[in-house]
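Me: Hi! I have a structure open here and would like to talk it through with you. Could you help me read it?

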Amino acid sequence: MLDQHQRFLSGRGGVRALLAFADLSGRALIGVNLAEADLSGATLRGAYLAEAKLDRAMLFGADLNDTDLEGASLVGANLRGATLRGANLTRANLLRADLRSGAIATKDLKGNLYPVVGGPGMSLNAGPAELQGARLINANLTDADISGVVATQTDFTDAVMRGCNLSHANLQKAKLIGADLEGADLSAADLRGADLEGAILTDAKIELTDLFGASLKGVLTAKPAGKPIEELGIEVEELVRLHVQWVDSSGAAGKPADVSGFDLRRGPSLKRANLTALRAETATFYGLDLEGARLQGAKLAGADLRMCCLRGADLRGAQLQGALLNRADLRDANLEPLVMDGGRIYPTNLEGARLRCADLRGARLRDANLRAVDLSEADLTEADLKNCAVEGAVMPRRRAAAKAQNG
């Protein structure tokens with residue numbers, strides 16, 4: 001059946017996999033390609049579907065309780081009325097997936113629809129999709145429709161939920177730590193007792209949302225996170241120009257830039273800007289383009305650099321203690337020690353920084369201070385961690401190994 005389904009997907013004949021109401025509970029289907037397959041009402045309880053491809057699959061009313069879907073692709077999948085209690089959806093891609101309420105039905109000989117009752121794997125399911133206790137850590141739920149879903153005590157830590165429809169959802173005691181809910185619809189959702197520490201709620205709809213007892217520590221909204229950029233008293237471009245002049249003249253001309261405590265989100269792109277020795281402690285850069293920026297020796301302790309593009313940036317000797325770099329793009333960034341005239345060496349300091357889900361592919365971190373750093377779900381493929389201090393660091397659980405660790 002799978003071979004015929006692959007032929008169907010590739011346009012070489014074959015037959016679409018029809019597994020409606022099939023009992024596949026406990027089956028090992030790791031990495032299987034069932035894109036566009038019909039699994040309506042199927043029982044997949046406890047099945048192993050890690051890294052499986054289920055794009056646009058029909059999983060209407062399917063039983064996915066305790067199923068392992070880690071890293072699975074469910075783009076545009078129809079999961080209406082499905083049950084996913086206790087399922088593992090870590091890093092799963094649910095882009096534009098549909099998890100609204102639904103009811104299983106079939107047609108009689110006259111073509112009339114009627115609810116299916118009885119039989120193995122067949123049951124009337126007129127309720128909402130269920131995600132109680134499921135793990136959606138670092139999952140992609142962009143533009144997904146999970147309105148009315150029951151997701152009590154569900155773990156959405158670091159999930160990307162931009163534009164997600166969560167209206168009328170039951171999210172009591174859910175973990176939404178660091179979740180990106182930009183533009184999400186949380187209207188009339190029940191978030192009592194939920195943990196939204198560090199969540200992004202910019203442009204989110206929260207009309208009639210019940211947040212009683214919810215933790216909102218460090219939540220980022222459209223309101224300024226610190227001093228507004230207007231209080232700088234100077235255009236950012238002019239500030240950078242004077243700073244470059246100060247750097248190039250070794251302090252003889254221009255003026256060093258100090259944006260500590262400012263919210264720079266409304267500022268211009270700083271792509272390839274020369275910001276050597278910039279002082280920006282506790283500043284908010286969230287989402288800014290800093291690709292290729294020169295930030296050698298920059299003082300960025302406690303700065304918010306989440307979602308920033310720092311690809312190829314020069315961060316040698318930067319002071320990033322306690323900085324937020326979740327989901328930052330640090331591909332090929334240079335975080336090696338800064339060697340000054342006279343042989344003085346200043347290692348990059350990331351002690352206590354958060355780099356959850358950060359992209360560090362090919363980054364150079366040799367000799368960096370990574371003590372107590374949180375690298376959960378970070379991608380360290382081909383990253384150089386030689387001689388790094390990693391005491392107390394939280395390392396990624398299931399990612400490609402770095403090039404070298406501790407020599």
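**Cysteines first**

Reply: Happy to. This is a predicted model. Let's begin with C164: its sulfur is 16 Å from the closest cysteine sulfur, the one in C357, which is too far for a bond.

Me: What would a disulfide be, in chemical terms?
Reply: A disulfide is a covalent bond between the sulfur atoms of two cysteines.

Me: And how many disulfides does a search of the whole structure find?
Reply: The count is 0. C357 is in no disulfide either, as the nearest cysteine sulfur to its own belongs to C308 and is 15 Å away. The cut-off for a disulfide is a pair of cysteine sulfur atoms within 2.5 Å.

Me: Is C164 buried or exposed?
Reply: Buried, with a relative accessible area of 0%. C357 is buried too, and its relative accessible area is 10%.

Me: Where does C357 lie?
Reply: You'll find C357 in the loop between β6 and β7.

Me: Which residues does C357 touch, not counting those up to four places away in sequence?
Reply: With those set aside, C357 touches N138, D158, R327, S376, E377 and A378. As for a pair far apart along the chain, C357 and L74 are 283 residues from each other in sequence, and 20 Å separates their C-alpha atoms.

Me: Let's stay around there. Where is the place of N369?
Reply: N369 is in the loop between β6, residues 345-346, and β7, residues 384-385.

Me: How accessible is N369, and why does it count as buried?
Reply: Its relative accessibility is 12%, and buried means under 20%, so N369 counts as buried.

Me: What does the side chain of N369 reach?
Reply: It reaches the backbone nitrogen of R371, at 3.1 Å. Leaving aside neighbours within four places in sequence, N369 is also in contact with T348, N349, L350, E351 and A389.

Me: Switching topic: where is E336 found?
Reply: E336 sits in the loop between β4 (262-263) and β5 (338-339). E336 is buried, at a relative accessible area of 14%.

Me: Which residues is E336 in contact with, leaving aside its neighbours within four places in sequence?
Reply: Three arginines are on that list, R316, R364 and R366, together with G317 and T348. T348 is in contact with N369 as well.

Me: How far apart are E336 and L99 in space?
Reply: From C-alpha to C-alpha they are 45 Å apart, with their positions 237 residues apart in sequence.

Me: Okay, zooming out. How many helices and strands are there in the protein chain?
Reply: There are 2 helices and 8 strands. Starting at the N terminus, the order is α-β-β-β-α-β-β-β-β-β.

Me: What box do the C-alpha atoms fill?
Reply: Roughly 90 × 50 × 40 Å, taken along the principal axes.

Me: And how many residues are in the protein chain, and what share counts as buried?
Reply: The chain has 407 residues, and 50% of them count as buried. About 17900 Å² is exposed, with carbon and sulfur atoms supplying 50% of that area.

Me: What about contacts between residues at least 6 apart in sequence?
Reply: Of those, 24% join residues at least 24 apart.

Me: Last one: how many positive and negative side chains are there?
Reply: There are 49 positive and 52 negative side chains, and the centres of the two sets lie 2 Å apart.

Definitions and conventions. Residues numbered from 1 in each chain as written. Predicted model: local features only at pLDDT ≥ 70, side-chain atom pairs only at ≥ 80, totals over all residues. Heavy atoms only, no water. Helix = DSSP H or I, 4+ residues; strand = E, 2+ residues; numbered from the N terminus. Buried < 20%, exposed > 50% of the residue type's maximum accessible area, 1.4 Å probe, protein only. Contact = heavy atoms within 4.5 Å. Areas by Shrake-Rupley, 256 points an atom, 1.4 Å probe, with all protein chains shown as cover. Lys, Arg positive; Asp, Glu negative; His and termini not counted. Charge placed at Lys NZ, Arg CZ, Asp CG, Glu CD. Polar contact = N/O pair within 3.5 Å; in protein donor to acceptor, adjacent residues only side chain to side chain.
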